[in-house]
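I opened this notebook to keep a record of what I looked up, entry by entry. The order follows my own curiosity rather than the chain.

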Amino acid sequence: WDPEAGAYFWHRFFSHQPDLNYDNPQVYWAMVQVMRRWLDFGVDGFRLDALNFSIHDKQLRNNPGKPRQEGMKTAQLDFLDPYAMQQHIYDKSQPEMLVYLQRVRALLEEYPGTMALGEIGDDDEVGRAIEYSTDNRIHTCYNFQMIGVEPRNPAALRGIVEHFEGR
């Protein structure tokens, strides 16, 4: 609830970071204008934070739960996490994102030497990064797979790199 606006708003992470409704064409075009303005100022590109969380299921359906398993944690947390107990079908990585990414790329192509970097948090981070950075979508992506790797464990790092290169 925002007392100043007198309205409720959706937020996924922090209450001071309201989510935008990219299904609303006015919101989408306003963001294009914001990006264009920064590009006109001369920025080299954009880091798109939590990119695959940007577009939501239009019906705002709940994710189904996962059967309880040992170690239901995310890479960033060392305790049981409700987020890891869901099948993330509706809350992120929606197919409409692919069209949005192509539009972002088309805008950036108007400004030679610019790029977009997307942060991906997904059950299949490698697959999602590849999907989002091919077919004239954004330039590159990163994810959090290496955060949970035991320090100085070359075999674990090699496994992650080989998994990525094998895709």
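**Entry 1: Ser54**

I began with Ser54, which counts as buried because its relative accessibility is 19%, and the cut-off for that class is under 20%. I note before going on that what I am reading is a predicted model. Ser54 is found in the loop that runs between β1 (45-48) and α2 (96-109). I then looked for what its side chain reaches, and found the backbone oxygen of Leu51 at 3.0 Å. Setting aside the neighbours within four places in sequence, I listed the contacts of Ser54 as Leu20, Tyr22 and Met97.

**Entry 2: the chain as a whole**

I stepped back to the protein chain, whose secondary structure comes to four helices and three strands, and which, read along the sequence, follows the pattern α-β-α-β-α-β-α. Taken along the principal axes, the C-alpha atoms of the chain fill a box of roughly 45 × 40 × 25 Å. I recorded that 32% of the 167 residues count as buried, and that the accessible surface comes to about 11100 Å², with 54% of it belonging to carbon and sulfur atoms. Among contacts between residues at least 6 apart in sequence, I found that 61% join residues at least 24 apart.

**Entry 3: strand β1**

Which residues of β1 lie on its covered face, and which on its uncovered one? I wrote down Phe46 and Leu48 for the covered face, and Gly45 and Arg47 for the uncovered face. In a regular strand the side chains alternate between the two faces of the sheet. I also checked the pairing of β1 with strand β2 (residues 115-119), which is in the parallel sense and extends over four bridges; the bridge partner of Gly45 in β2 is Met115.

Arg47, from the uncovered face, forms a salt bridge with Asp49, the closest N and O atoms being 3.1 Å apart. I looked up the accessibility of each partner and found that Arg47 is partly exposed, with a relative accessible area of 46%, and that Asp49 also counts as partly exposed, at 43% relative accessibility.

**Entry 4: helix α3**

Why is helix α3 (residues 125-132) largely enclosed by the rest of the structure? I traced this to burial, because six of its eight residues are buried; they are Glu125, Val126, Gly127, Arg128, Ala129 and Tyr132. These buried residues of α3 pack against α2, β3 (140-142) and α4 (154-165).

Within α3 I followed one charged pair, Arg128 and Glu131, whose side chains meet in a salt bridge at 2.5 Å, N to O. Because Arg128 and Glu131 are three residues apart in helix α3, they are separated by about one helical turn. Arg128 is among the buried residues of the helix, whereas Glu131 counts as partly exposed because its relative accessibility is 27%.

**Entry 5: other salt bridges**

How many salt bridges does the count come to? I noted 13, and went through a further one of them, between Asp19 and Arg12, where the closest N and O atoms are 3.9 Å apart. That distance deserves a careful remark, since the cut-off is within 4 Å. Asp19 is partly exposed, with a relative accessible area of 21%. I then found that Arg12, Asp19 and Asp91 are linked in a network of salt bridges.

**Entry 6: Glu109 and a nonpolar patch**

I turned to Glu109, which is found in helix α2, and saw that a polar contact of 2.7 Å joins its side chain to that of Arg105. As a check on the spread of the chain, I took Glu109 with Pro3, and the two are 106 residues apart in sequence and 41 Å apart in space, C-alpha to C-alpha.

My final look was at the surface, where Val34, Trp38 and Phe41 make a nonpolar patch of about 330 Å². Of these I followed up Val34, which has its place in helix α1 (residues 25-41) and counts as partly exposed, at 39% relative accessibility.

Methods. Residues are numbered from 1 along each chain as its sequence is written. This is a predicted model: local features need pLDDT of at least 70, side-chain atom pairs count only at pLDDT 80 or more; totals for chains, interfaces and linings use all residues. Side-chain values use heavy atoms; hydrogens and water are left out. Helices (H or I, at least four residues) and strands (E, at least two) are DSSP runs, numbered from the N terminus. Buried means under 20% relative accessible area, exposed over 50%, partly exposed in between (1.4 Å probe, protein chains only). A polar contact is a pair of N or O atoms within 3.5 Å; within protein, one must be able to donate a hydrogen and the other to accept it, and residues adjacent in sequence count only if both atoms are side-chain atoms. Contact means heavy atoms within 4.5 Å. Two strands pair if DSSP finds at least two bridges between them. Patches are made of residues with over 30% relative accessible area and no salt bridge: like charges are joined within 9 Å, nonpolar side chains (Val, Leu, Ile, Met, Phe, Trp, Tyr) within 5 Å. Accessible areas come from the Shrake-Rupley method with a 1.4 Å probe; for residues, only the protein chains shown count as cover.
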